[in-house]
Amino acid sequence: MPEKEQEEDRELELNVTPSQYDAITYPLDSNRLLKIIAGPGSGKTKTLVNRIVYLLNEGVKPNEFLVLSMTNRAVLALKNQMYELLGEEELVSQINIHTFHSFSSSVVSSNNVAKDCRIIEDIGWRTLINLSSTHSSHNTFSRLSRSQIEEIVESVNAGMTINDALVKHPGKKIDVETIKNIMTWLSNSNIITYQDLLVDCIKTVRKNPAILNNIKTVIVDEFQDMYGKLLDVVEIVSRQKNLVIAGDPNQSIYGFLGSNPNILDRIDKAFLDKQIDVIHLNECFRSTPEIMRVAEAIIDADTARIHVVKQQSYLPILNIFLTEEEEYQFIIDEIKKLVSTEVIKPIDIVILSHTNKTLDKLQHLLKTNDIQSVKLSLNQPWINSEIFHLVDYLNIIYEPEKANHSLICVLGLIEGVGPITLKTLMNKIGKINENNSNPVSIWEYLNSEEFASLMKTRTKVAKKIMDFTNEIMQIRSPENYSKIENNPDELIKILLDLGKKYGLKRLITSKKIVTEQDLVKYDNYLNQFYEYLWIIYEKSFTAKNVSQASLIEFFLKNYNDIPLAQKENSINLSTIHSAKGLEFPIVFILGADNRIYDSHELQAHRRKLYVAVTRASQLLYYGKVLNNDSFHSNALLSSNMNSEFFVDKKTLGKIFKINNYNDSNRGFNLDNIFLKNYSNNLRRQGKNFLIPNNKKFDRRMYHHKVDENKSGYHIGRRWGFQNNAFKFPNGIKIGMRFIKLHFSR
Ligand SMILES: Nc1ncnc2c1ncn2[C@@H]1O[C@H](COP(=O)(O)OP(=O)(O)OP(=O)(O)O)[C@@H](O)[C@H]1O
């Protein structure tokens, strides 16, 4: 067969387009860089996955790949698609597919045993900021925000003097001493910031490039979101290695972190030593032509036209509402209508919003209407809540001597232990450690004679702290530890018990106002935490490649790495940022965004809307909410519409079916033809991590089943997917029940 025909044959076999084929088979030379510039839904992820599979077939070994992506979700999507193609879990697990975060952690920790690279979490910052206010000699100083302190710390770590770093925040009365204390505190606690982790990773590879000797090719997904340091990481790890990057400048939405759609120019400058080739993927396999017309109107007409593969369907709907409540009610009614068709499943639907706050409001309302929902976020949502203190307890149980930061965070929850006690503690330990090459940990100090005598006068507080340390010691006794270390049920019982006795309960329930909505939120967080313990348990004990790590150890290493799974019977809620890279048959975009954007912000705003719109494969609802002042709002609305879309009003009417606030019929008319096409077009697997129900997978499907009558939990399949009903074991009441029942007894 002539060569050309053979190639065509392989394209057909792989079911890819000619440009996808070129990208998949791009030469592996170490001096070459391929930029895949891919429109939304053009199969960028599919192409990268197929390239890996192709190269594996060509003899490249699994550990010779380094695949980097921005988010856990993207990493999981790549792994899932690879698993679909290869059907070999063990093989997939040998390929280095990482977020920048997890890659940097592994580089730094495997090359610097002294450094335990735990990244400071939201809740840790909050503790630190509370403490920092008591360090300050100024009584009236206005607090710096988390991101401001983070920025100062990072600037100082990067070599700036504290004074220079503070100049940027003239309104804030924060002194050099306080920043020094925070920095000492961070370093004594072995806690670093994300930026510092990246810097450490760059330094480690620069010093010892041999650690990446086995890597032949580096693949980077979603390059448009790379900002400053991330590009530096890519540059250093891909020296003298084949590099393939894929992304879409129009989908650059992390401007606030420093990413920028002109990243392509920066990439060209960063890799002058490589031969650079570009492949454009311009076919869209995801959205209908009508949805793509809206997308193109948002992003500007002169971007490369995308060829849409799908058949014509419905015009997206632009609904104008008077109030947010009215929009919520419409969405609830419409969801009920969609789901009642039985062809459309709740999991097919996503509601996208600009802010988390609107989603929380809506989620509460959905619940009162008996509609189940899952809020998709980049990380497990409990990580940024008070529930994260359960991880602090776990850290202390696991290795109290290394858990300085966690200890301070949870000691501060105990009644009577205020910032002054903690500050005294930190200062005392700081003094002891001043010239000590073998520093004393907080745990050691808490168990020392000196601490006992220090606390003599403060008997009540001392007793509470000592009760806590004694309890931890008991939990750590070999007999007790062996009962919990590999048992999610026992573990959660212990953690909740600690929370109840030592302040977490008080923290959650004694807020000035605890609304029903708050309780639902904590209910969800706790459920997710527990569910996650089980998922990790499944992975740590079933995945063959995992060493003998205990559940506790494995959980502490991995709690950041698996995003929340979607569920068959729940509709999805997400901020636009978190929905990046996902696709859904039906998308609602919430309209409550009456901000006026300046011209620079407007471009970023448009890119964000472009990402939102292009998540939809079949139906798109675009909302706009007027506020009470209707004269003003009408003006605002039209200025908003004009700035969001370049088109004039007449063209707007051509790309949308526009419903005014007083129109009664605002939804889609779901006739039989539509429903038939809908079913034919459905692609629920792949990106959204649903494992298709086919024979290849049955073999691998794994269900953990405990006696249903007793406890009734099932755990779903690997790679973070979970679909089955989920209940807590007997004896544990969780969530609202957790707060009202477990905590109140
Ligand atoms: N050659 C092809 N033939 C048929 N379907 C394809 C082809 N390539 C990709 N697809 C499908 O198109 C959809 C989008 O693909 P993919 O998720 O890889 O796109 P993407 O470029 O990563 O999207 P985004 O940038 O918006 O995240 C998927 O459902 C995928 O299976």
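These notebook entries record what I looked up in the structure.

**Entry 1: overall counts**

I noted at the outset that the model is predicted. I counted the secondary structure and found 33 helices and 19 strands in the protein. I then looked up burial: of the 745 residues, 56% are buried. For the surface, I recorded an exposed area of about 32800 Å², with carbon and sulfur atoms supplying 48% of it. I also checked the contacts with a separation of 6 or more, and residues 24 or more positions apart account for 79% of them.

**Entry 2: the six-stranded sheet**

I traced an open sheet of six strands, whose order is 3-2-6-7-1-8 and whose pairing is parallel. At its edges I found strand 3 (96–99) and strand 8 (275–281); each has a single partner strand, so one side of each lacks a neighbour in the sheet. Between neighbouring strands the turn is 15° on average, direction ignored.

I looked more closely at strand 2 (residues 65–69) and strand 6 (residues 217–220), which pair in the parallel sense over four bridges. Within this pairing, leucine 66 has valine 218 in strand 6 as its bridge partner. I then asked which helices pack here. Helix 3 (residues 44–57) packs on the sheet and touches strand 1 (32–38), strand 2, strand 6, strand 7 (242–247) and strand 8. The direction of helix 3 makes about 160° with that of strand 7. I also noted helix 13 (residues 263–270), which lies across strand 1, strand 7 and strand 8 and runs at about 175° to strand 1.

**Entry 3: the seven-stranded sheet**

I next followed an open sheet of seven strands, also with parallel pairing. I read its order as 13-14-12-15-16-11-17. Strand 13 (373–376) and strand 17 (657–659) are the edge strands, and each pairs on one side only. The twist from one strand to the next averages 20°.

For strand 15 (residues 584–589) and strand 16 (residues 616–625) I recorded parallel pairing over five bridges. I identified leucine 620 in strand 16 as the bridge partner of valine 587. Helix 31 (residues 672–681) packs on this sheet, in touch with strand 15 and strand 16, and its direction makes about 115° with that of strand 16.

**Entry 4: aromatic pairs**

I listed the ring pairs and found that the structure holds 17 aromatic pairs. One of them joins tryptophan 382 and tyrosine 532; this pair is tilted, at 6.2 Å centre to centre and 55° between the planes. I located tryptophan 382 in the loop between strand 13 and helix 17 (389–398), and tyrosine 532 in helix 26 (residues 516–542), so the pair ties together parts that are 150 residues apart in sequence. Both tryptophan 382 and tyrosine 532 are buried.

I then examined tyrosine 445 and phenylalanine 451. Their ring centres are 5.9 Å apart and their planes stand at 65°, so I entered the pair as edge-to-face. The cut-off for that class is over 60 degrees. Tyrosine 445 counts as buried because its relative accessibility is 2%, and phenylalanine 451 is buried with a relative accessible area of 1%. The cut-off applied is under 20%.

Finally, I asked which residues ring pairs link into a cluster. The cluster consists of Tyr314, Phe321, Phe330, Phe588, Tyr621, Phe668, Phe674 and Tyr678.

Methods: Residues numbered from 1 in each chain as written. Predicted model: local features only at pLDDT ≥ 70, side-chain atom pairs only at ≥ 80, totals over all residues. Heavy atoms only, no water. Pairing = 2+ DSSP bridges. Helix = DSSP H or I, 4+ residues; strand = E, 2+ residues; numbered from the N terminus. Axes fitted to C-alpha atoms, helices over the stretch in contact; angles between N-to-C directions. Contact = heavy atoms within 4.5 Å. Buried < 20%, exposed > 50% of the residue type's maximum accessible area, 1.4 Å probe, protein only. Areas by Shrake-Rupley, 256 points an atom, 1.4 Å probe, with all protein chains shown as cover. Phe/Tyr/Trp six-rings, centres within 6.5 Å; stacked < 30°, edge-to-face > 60°.
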